[in-house]
Structures are given as C-alpha cells and as structure tokens.
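Subject: Handover of a structure, with notes on what was found

Dear colleague,

Please find the structure below, handed over for your records and further reading. My notes on it follow directly after.

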Amino acid sequence: MITPDPQTTRIWTSLLNTGQALLDGIESELKNNNLPRLGWYDVLLEIEKAGPDGIRPYELKERLLLPQYGLSRMLGRIAEAGLITREEVENDGRGQTIKLTPKGLAIRKAMWPVYAETLVNSIQDKLSKSEAAELERILRKLGSGS
C-alpha cells in the first residue's frame, strides 16, 4: 500500500482549501452584487462565444465538462431568468439550440468586473510576478501529470 508523506497530504489539503476559498470569495462577491452564481457565467460566456447561431446543449456540455443532468437543470434556471432561449432544431425532434438573449449578454458582462476584481484581490495583489509565474509553473506541472 502506498502512503503519501505528510507534506504531500498537506499540499493536497491546502490546494483544496485554497481553491474552495477562492471560489467562495467569487460567489460571495457575485451574490453581494445581486448577480448569478459563477457557474452561470461560464455557461453564458460559452454561449456568447458560440455566436448568434447559438450552441447545441451537447456541445456546451463538452466545453464545460458538466454532467448532462446538471447542465440541463442549470439551463432551465437560466432560461427561466430570461438570459437564454431554447429553440427547436428543424428536422431534429429532440434537438435544441441555445442562444443568449440581450439580457443574458448584459448579465454576463456585468458579472465579469466583479469576477475580475475578485481575482485581482485574491491572487494578483498577493503574489509578486515571480511568485505568480512559479505557482503557474507548478500547477501546470501537477495538472499535466508529469
């Protein structure tokens, strides 16, 4: 049986705790500004990037790496809020195209400054340029598995 050394365990715990604290900070700032949750930002951004023709839900699922049921429920809530439309695809009885509404675009654009400011305050302002470069290098190394 392989057992990680205590430092490896501390690193893992620190990564999880730090990631969650950063996410919680962003979520809190969005809520304080009466904006939707961070997950909505990612969905709205991907739909925006797809352009005026919209995007099919399965394509969105692949881009966001979300489970189908979770994405489906989220799209339902975003549609109820009037931020997207779902249009039937001709010759595809079950197919839909998801498009951003003007309100959806406005909300996505309103979310970015809050998101960006939180990133700056939580990361950029706390690390020197060299620390940031080193952290990025280390995280890429961990993420690549090499």
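I begin with Asn-34, which is found in the loop between helix H1 (6-32) and H2. Please note that the model is a predicted one. The phi angle of Asn-34 is near 55°, a positive value in a residue other than glycine. With 71% relative accessibility, Asn-34 counts as exposed, since the cut-off for that class is over 50%.

Overall architecture

The protein has six helices and two strands. Their order along the sequence is α-α-α-α-β-β-α-α. The radius of gyration is 19 Å, whereas a compact globule of 146 residues would have a value near 15 Å. Along the principal axes, the C-alpha trace spans about 55 × 40 × 25 Å.

Of the 146 residues, 23% count as buried. The exposed surface of the protein comes to about 10,400 Å², and carbon and sulfur atoms supply 54% of that area. Among contacts with a separation of 6 or more, 51% are made by residues 24 or more positions apart. As for charge, the protein has 20 positive and 20 negative charges, and the mean positions of the two sets are 2 Å apart.

Helix H2 and its partners

Two residues of helix H2 deserve a description. Gly-39 lies in this helix, which covers residues 38-50. Its relative accessible area is 25%, so Gly-39 is classed as partly exposed. Leaving out residues up to four places away in sequence, Gly-39 touches Glu-27 and Met-74. Met-74 is 35 residues from Gly-39 along the chain, and the C-alpha atoms of the two are separated by 8.6 Å.

Glu-46 is also found in helix H2. Is this residue, Glu-46, buried or exposed? Glu-46 is buried, because its relative accessible area is 13% and the class takes values under 20%. With residues up to four places away in sequence set aside, Glu-46 touches Leu-60, Arg-63 and Leu-64. For Leu-60, the C-alpha to C-alpha distance from Glu-46 is 7.1 Å, at a sequence separation of 14 residues. The side chain of Glu-46 also makes a polar contact, at 3.1 Å, with the side chain of Lys-49.

Helix H5 and the loop before it

Arg-108 has its place in helix H5, residues 102-122. Which residues does Arg-108 contact, leaving aside its neighbours within four places in sequence? They are Tyr-41, Leu-44, Leu-45 and Glu-48. Helix H2 covers residues 38-50, and the four partners of Arg-108 carry numbers within that range. Arg-108 counts as buried, as its relative accessibility is 10%.

Thr-101 lies in the loop between strand S2 (92-100) and H5. At a relative accessible area of 14%, Thr-101 is buried. The side chain of Thr-101 reaches the backbone oxygen of Gly-82 at 2.7 Å. Gly-82 is also one of the residues that Thr-101 touches, together with Leu-83, Ile-84 and Thr-85, when residues up to four places away in sequence are not counted.

In summary, the buried residues described here include Glu-46, Arg-108 and Thr-101, while Gly-39 is partly exposed and Asn-34 is exposed.

Yours sincerely,

A colleague

How values were computed. Residues are numbered from 1 along each chain as its sequence is written. This is a predicted model: local features need pLDDT of at least 70, side-chain atom pairs count only at pLDDT 80 or more; totals for chains, interfaces and linings use all residues. Side-chain values use heavy atoms; hydrogens and water are left out. The radius of gyration is taken over C-alpha atoms; the globule rule is 2.2 Å times the number of residues to the power 0.38. Buried means under 20% relative accessible area, exposed over 50%, partly exposed in between (1.4 Å probe, protein chains only). Contact means heavy atoms within 4.5 Å. Accessible areas come from the Shrake-Rupley method with a 1.4 Å probe; for residues, only the protein chains shown count as cover. Lys and Arg count as positive and Asp and Glu as negative; His and the chain ends are not counted. The place of a charge is taken as NZ of Lys, CZ of Arg, CG of Asp or CD of Glu. A polar contact is a pair of N or O atoms within 3.5 Å; within protein, one must be able to donate a hydrogen and the other to accept it, and residues adjacent in sequence count only if both atoms are side-chain atoms.
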